[in-house]
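Biologist: Good morning. Could we go through this structure together, starting with how its helices pack?

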Amino acid sequence: MKKIILIWDFDGAIGLINASYPYNYNYSNLKREQDQVKLVLDLLDQYQINCCFAITGFSAEEGIEPYTFPKLIKEIHDRGHEVASHSWRHEWSSIFQWNQVDKSLKRSQLALEKAIGNQQKITGFVPPHNRPMSWLKRGAFSWGDRGVYPFFKAADNESIIKLLKKNQYKWVRVTFKTIVQKLFKVKRNPTGRVINYKGITVLENHYTGFDSYIVDHILNTNHPTYTISAHPLMLDFPNKKESLANFKNFLEQLIASGQDIEFVRPMDLEK
């Protein structure tokens with residue numbers, strides 16, 4: 001059986017404000033993103049698929065829509081999907097101090113668990129901006145992290161894993177490429193693999209989008225897991241790999257293939 005781990009990076013207003021290009025902020029995109037989430041939920045119901053939504057903790061706080069939306073987060077959970085932390089305010093963790101990242105992990109857990117009525121423990125973490133990409137023990141280093149370990153402890157995935165264990169998280173999605181892979185352009189599995197590292201389930205690397213390339217990869221390889229990510233807002237952009245048309249085609253082709261394919265939530269991997 002091939003297991004597909006589908007994770008939606010649901011940034012919310014705070015994520016759009018703290019994005020890589022924050023001065024492209026547009027108020028209309030706040031409602032637009034949430035409309036796409038509701039559309040995704042209906043499609044997932046139609047195909048009887050459960051997946052994961054990694055959501056910023058600030059979005060779960062008491063407030064005014066569309067800036068915060070705890071009711072929508074509760075609906076996501078109630079419709080069978082896992083809720084994970086996408087940090088509290090979409091921080092670029094690798095340039096934050098250790099205690100700041102610690103507080104973000106704690107606060108996002110508390111806010112998200114409260115929003116879903118404490119019916120699920122928040123045990124998964126999806127780092128915003130896929131940072132850090134450095135993992136020194138694994139031979140990976142990225143200048144793009146901006147912060148450099150040990151001056152910034154959170155600029156190394158080894159440190160992030162320590163913080164996750166401290167806060168009782170059980171899984172994390174990471175993105176990294178070793179120096180050897182960079183120098184020699186080593187071809188790697190675009191959807192990564194899943195390993196257990198020091199008691200944490202690590203989703204090593206992932207593919208963003210639903211284009212024909214990734215459909216072919218899934219159908220023509222035999223890996224045990226395939227980690228796919230997407231952003232709900234991007235569904236509304238026809239030229240993106242994450243477009244609605246690509247997503248529908250992705251689902252239809254996988255189902256039509258007749259292969260033994262199952263969508264699983266990251267927390268299901270722990271069972």
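Biologist: At what angle do helix 7 and helix 8 pack, and how far apart are their axes?

Modeller: Please keep in mind that this is a predicted model. In it, helix 7 and helix 8, the latter covering residues 244–256, pack at an angle of about 20 degrees, with their axes 10 Å apart. Helix 7 is therefore roughly parallel to helix 8, because angles under 35 degrees count as roughly parallel.

Biologist: What is the hand of the crossing where helix 7 passes helix 8?

Modeller: Helix 7 passes helix 8 in a right-handed crossing. Helix 7 contributes Ile214, Val215, Ile218 and Leu219 to the contact, and helix 8 contributes Phe250, Gln253 and Leu254. By type, these residues are 6 nonpolar, 1 polar and no charged.

Biologist: Let us stay with isoleucine 214. Is it buried or exposed?

Modeller: Isoleucine 214 counts as buried because its relative accessibility is 0%, and the cut-off for buried is under 20%. The residue lies in helix 7, which spans residues 212–220.

Biologist: Which residues does isoleucine 214 touch, not counting those up to four places away in sequence?

Modeller: Isoleucine 214 touches Pro190, Thr191, Tyr207, Gly209, Ile228 and Phe250.

Biologist: Phe250 has now come up twice. Which residues touch the most other members of the largest nonpolar core?

Modeller: Phe250 is one of them, together with Trp8, Phe53 and Phe247, in a core of 60 residues. Helix 2 supplies the largest share of this core, with 6 residues. There is also a second, separate core of 9 residues, which includes Ile5, Val126, Trp171 and Leu203.

Biologist: And what does phenylalanine 247 touch, leaving out residues up to four places away in sequence?

Modeller: Phenylalanine 247 touches Leu6, Trp8, Leu43, Leu44, Phe210 and Leu235.

Biologist: You mentioned helix 2. At roughly what angle do the axes of helix 2 and helix 3 cross?

Modeller: The axes of helix 2 (residues 28–47) and helix 3 (residues 70–78) cross at roughly 15 degrees and come within 11 Å. The two helices are therefore roughly parallel to each other. Their crossing is left-handed. Gln34, Val37, Lys38 and Leu41 of helix 2 meet Leu72, Glu75 and Ile76 of helix 3. This contact comprises 4 nonpolar, 1 polar and 2 charged residues.

Biologist: Now a third pair. How do the axes of helix 4 and helix 5 cross?

Modeller: Helix 4 (residues 98–115) and helix 5 (residues 157–166) have axes that come within 10 Å and cross at roughly 45 degrees. That angle makes helix 4 oblique to helix 5. Helix 4 passes helix 5 in a right-handed crossing. On the helix 4 side, the contact involves Trp98, Val101, Asp102, Leu105 and Lys106, and on the helix 5 side Ser159, Ile160, Lys162, Leu163, Leu164 and Lys166. These residues are 6 nonpolar, 1 polar and 4 charged.

Biologist: How many residues of helix 5 are buried?

Modeller: In helix 5, 7 of the 10 residues are buried, so this helix is largely enclosed by the rest of the structure. The buried residues are Asn157, Glu158, Ser159, Ile160, Ile161, Leu163 and Leu164. They pack against helix 4 and also against strand 4, strand 5, strand 6 and strand 7.

Biologist: Let us change topic to the backbone. Where is there a cis peptide bond before proline 132?

Modeller: That bond runs from arginine 131 to proline 132, with omega near 5 degrees. Proline 132 sits in the loop between strand 4 and helix 5. Another cis peptide bond joins tyrosine 149 and proline 150, with omega about 10 degrees. Proline 150 is found in the loop between strand 4 and helix 5 as well.

Biologist: Why should one take note of such bonds?

Modeller: One takes note of them because most peptide bonds are trans, and most residues other than glycine have a negative phi.

Biologist: Which value does phi take in histidine 129?

Modeller: Phi of histidine 129 is near 60 degrees, a positive value. Histidine 129 lies in the loop between strand 4 and helix 5, and counts as buried at 16% relative accessibility.

Biologist: And lysine 185, is it buried or exposed?

Modeller: Lysine 185 counts as exposed, at 74% relative accessibility. Its phi is also positive, near 50 degrees, and the residue is found in the loop between helix 6 and strand 6.

Note on methods. Residues numbered from 1 in each chain as written. Predicted model: local features only at pLDDT ≥ 70, side-chain atom pairs only at ≥ 80, totals over all residues. Heavy atoms only, no water. Axes fitted to C-alpha atoms, helices over the stretch in contact; angles between N-to-C directions. Helix = DSSP H or I, 4+ residues; strand = E, 2+ residues; numbered from the N terminus. Parallel < 35°, antiparallel > 145°, perpendicular 65-115°, else oblique. Left-handed = near helix turned anticlockwise from the far one by under 90°. Contact = heavy atoms within 4.5 Å. Nonpolar A, V, L, I, M, F, W, Y, C, P; charged D, E, K, R; others polar. Core = buried A, V, L, I, M, F, W, Y, C linked by side-chain atoms within 4.5 Å. Buried < 20%, exposed > 50% of the residue type's maximum accessible area, 1.4 Å probe, protein only.
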